[in-house]
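Trainee: I would like to learn how to read a structure like this one. Could you walk me through it?

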Amino acid sequence: MYTDTVFLSATTTPFSYFPIVLQLLAALGFVGITMLATHFLGPKRKTSDKLINFESGIEQRGNARQPVAIKYFLTAILFVLFDVEVIFFYPYAVNFRSLGWEGFAAVLMFVGFFLCGFIYIVKKGALKWED
């Protein structure tokens with residue numbers, strides 16, 4: 001096993017990264033060409049209706065700098081936090097057979113901590129929307 005990793009690392013050359021660089025250049029080129037094409041080929045009819053700000057079909061009123069309830073930000077942060085925690089299940093799902101019972105116990109502890117955090121935010125009222 002040790003010789004395989006030495007052999008693989010010894011054969012890595014800068015040319016080995018050529019497919020990655022080629023795909024990156026193709027992606028950037030596609031984005032650039034698409035943006036230029038839409039800019040030059042797209043219609044340019046500016047009307048008063050098109051120039052006003054549009055927010056999900058709701059007529060705007062008042063100042064955009066009004067304070068927003070902290071519940072929106074708290075919900076967004078909690079979503080990101082729990083979403084990132086769920087990502088940690090993928091390595092376990094890929095390697096669950098090789099991890100055995102020890103890995104299963106570790107995942108059960110992870111889920112337990114995950115549920116403790118969720119129960120804590122529910123008891124603190126972080127998900128209640130009424131003011």
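Trainee: Leaving aside neighbours within four places in sequence, which residues is Leu 78 in contact with?

Mentor: Contact means that heavy atoms lie within 4.5 Å. By that rule, Leu 78 touches Ile 121, Ala 126 and Leu 127. Take Ile 121: it sits 43 residues away from Leu 78 in sequence, and the two C-alpha atoms are 9.0 Å apart in space. Before we go on, note that this is a predicted model, where local features need pLDDT of at least 70 and side-chain atom pairs count only at pLDDT 80 or more, while totals for chains, interfaces and linings use all residues. Residues are numbered from 1 along each chain as its sequence is written, and side-chain values use heavy atoms, leaving out hydrogens and water.

Trainee: Is Leu 78 buried or exposed?

Mentor: Buried means under 20% relative accessible area, exposed over 50%, and partly exposed in between (1.4 Å probe, protein chains only). Leu 78 has 10%, so it counts as buried. Ile 77 has 55%, so that residue is exposed. Leu 78 belongs to helix α4, residues 70-87, and Ile 77 is found in α4 too.

Trainee: Which nonpolar patch includes Ile 77?

Mentor: Patches are built from residues with over 30% relative accessible area and no salt bridge (a side-chain nitrogen of Lys or Arg within 4 Å of a carboxyl oxygen of Asp or Glu). Like charges are joined within 9 Å, and nonpolar side chains (Val, Leu, Ile, Met, Phe, Trp, Tyr) within 5 Å. Here Ile 77 joins Val 68, Ile 70, Tyr 72, Phe 73 and Trp 129 on the surface, and together they have about 690 Å² of accessible area, by the Shrake-Rupley method with a 1.4 Å probe.

Trainee: How many helices and strands are there in the protein chain?

Mentor: Helices (H or I, at least four residues) and strands (E, at least two) are DSSP runs, numbered from the N terminus. This chain has five helices and zero strands. Helix α2, residues 18-41, reaches 33 Å from its first C-alpha to its last, close to the expected 34 Å; the expected span is 1.5 Å times one less than the number of residues. Of the 24 residues of α2, zero are buried, so this helix lies largely in the open.

Trainee: Which element has the lowest mean pLDDT?

Mentor: pLDDT is the predictor's confidence in each residue, from 0 to 100. Helix α1 (residues 2-10) has the lowest mean, 55, and α2 the highest, 95.
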